[in-house]
Amino acid sequence: MWNELASLLPEALWETAQMVTVSSLVALALGIPLGVVLVATDRGGIAPNPALSRVLGAIVNATRSVPFIILMVAIIPFTRLIAQTSIGTTAAMVPLSIAAIPFLGRLVEAAIREVPRTLIEAARAMGASPLQIVVKVLLPEARPGIVAAFTITVISSIGYSAIAGAIGAGGLGALGIQYGYERFDTPVMVATVVVLIAIVQLIQFAGDRLARRLGHR
Amino acid sequence: MIELVGLHKTYRGPGENVEALRGVDLRVERGEIFGVIGRSGAGKSTLLRCINLLERPTAGTVRVAGVDLTALAPAALREARRGIGMIFQHFALLSSRTVRENVGLPLELAGRPRAEIASAVDPLLEFVGLEAMRDRYPAQLSGGQAQRVGIARALAARPGVLLCDEATSALDPETTASILALLRDVNRTFGTTIVLITHEMGVIKEVCDRVAVIDGGRIVESGRVRDVFLAPRAAITRTFVGEPDAAELSVMLGAELDERGSGGNAVWRLGFTESARESVVTALIRRFALELNIVSGAIERVGGEPLGTLVVELVADAATQAEARRYLDSVGVRVDVLGYVERTGKSLT
């Protein structure tokens, strides 16, 4: 049993790491701009565009209200287009990313809204353009909040990756469900859960530390 | 330097519109320190924000250094704003930047090279007395230090105008005095035209050359600080200078003050400089057949010069009152008639 675990666990861990890393990076690349656009285009924002704001908000809400397991199935054609397959670790990265982008986007939006309005006003008074306000004021000032938001996104991606595991994506979730739950192999299930807990703790700890270091408050 | 003509600003609310400015005309000369005083909600903050178009007026024009800002395209307006510095009640420093990086921000936004920014920032920090704090973050500064950084930052792009939005309202009295002294230094050293808004008469008295009193979105009184202080006309101005209004005076007099009347004992406000203070009361009593009741009085420093105001009731007939008035005019004491009280048995007539 221990031998089996020793060979399965590292592989599962690696698959989870791949899925979570890729989807988190995609979320980082697209979720932060999404958050910025949500704030900027809002009524009274630095580049108001109520129509765009409303459309984006609706898309974000829709994506976020679809249960992940349904989202995975619903976007299979899209997944196939991107990943050339609809099953396995690589394929799971697509729905994981699609779920993580609006998730992080909303959290980044909230983090940016925490930046005091008077700082935006001060920047405008100095002759800053909307883009300069984003780059020089909003993002740096919201950095601790954005780091915290990203930490939450990574952790929630770990959770979603376990759901993806249930339908053939591999990873720690699959290991726990197939070997532990379905075969009544309690030690494997416990070991998987312990590893997951350890990873989440580690990521939360690192995220908190980084956020604190960046926040000169 | 600054010319506001026919400024109106209406905020569209969900229910009713709010008229923050209802036709404001204002001229601020180059190199002066101009104060705008008003209660909260009087429109002073909107007025200040109209000068650099953080708020766009609903109607009217804003000219700064001869340029009509309301006619500028966005890029040109941003360029023009670099010539107008601004400081804020709560400092508005970026918490993610050190003191130096905060002060250099306006130059960074203007796309100046790094070396130029570095060489511009240090002398400014020295000017505001914070060169030792340059690598600190705003959270590590006291309120007074933070406002000094705010001032250094506002000066970084060498603006001709500095707008101060309640710059001392979050500070204790001692720190307020030091920040006001710094503003005067800025004005003298760089010739910067300063416009400040406040709800404290003390601030106006301390640094301003001229003052405008704003109430209900209109300028109700303006002029040299000294003149406004010695002879406040509008009721709101009287409360700002701490003078009792007609109702309070009636209580103090123990009789109804008739502001429009002409008979009975005259109630005057006398305004004078320190040197004249002692002689005024004595001379009046000795020279004329009158009794003098002192109702209230105060000595205040205006622009570093002591000025006194005294509210007195003259128990005298009309002819004596006129004579006394002529005498006071001749010795340079300012007289404003606040009203009359009728007293039975007390009047000499």
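Here is a short walk through this two-chain model, from its core to the contact between the chains.

The model is predicted, with local features needing pLDDT of at least 70, side-chain atom pairs counting only at pLDDT 80 or more, and totals for chains, interfaces and linings using all residues. Residues are numbered from 1 along each chain as its sequence is written, while chains are lettered from A and ligands numbered from 1 in the order in which they are written.

Let's start inside. A nonpolar core is a set of buried Ala, Val, Leu, Ile, Met, Phe, Trp, Tyr and Cys residues joined through C-beta atoms within 7 Å. Buried means that 20 or more other C-beta atoms, placed from the backbone, lie within 10 Å of a residue's own. The largest core here has 137 residues, and Leu104(A), Ile51(B), Leu163(B), Cys164(B) and Val195(B) touch the most other members. Its top contributor is helix H7 of chain A (residues 130-169), with 17 residues; helices are DSSP runs of H or I, at least four residues, and strands are runs of E, at least two, numbered from the N terminus. Apart from this core lies another, of 19 residues, including Leu314(B) and Tyr340(B).

Now for where the chains meet. Contact means C-beta atoms, placed from the backbone, within 7 Å, and it takes 18 residues from chain A and 20 residues from chain B. On chain A's side, H6 (117-125) and H7 each give two or more residues.

H6(A) is worth a closer look. Among its buried residues are Leu119(A), Ile120(A) and Arg124(A). Their cover includes H7 of chain A, plus helix H2 (74-81) and strand S6 (84-87) of chain B. Just after H6(A), Gly127(A) has a positive phi of about 90 degrees.

Terms used:
Buried ≥ 20, exposed ≤ 12 C-beta atoms within 10 Å, placed from the backbone.
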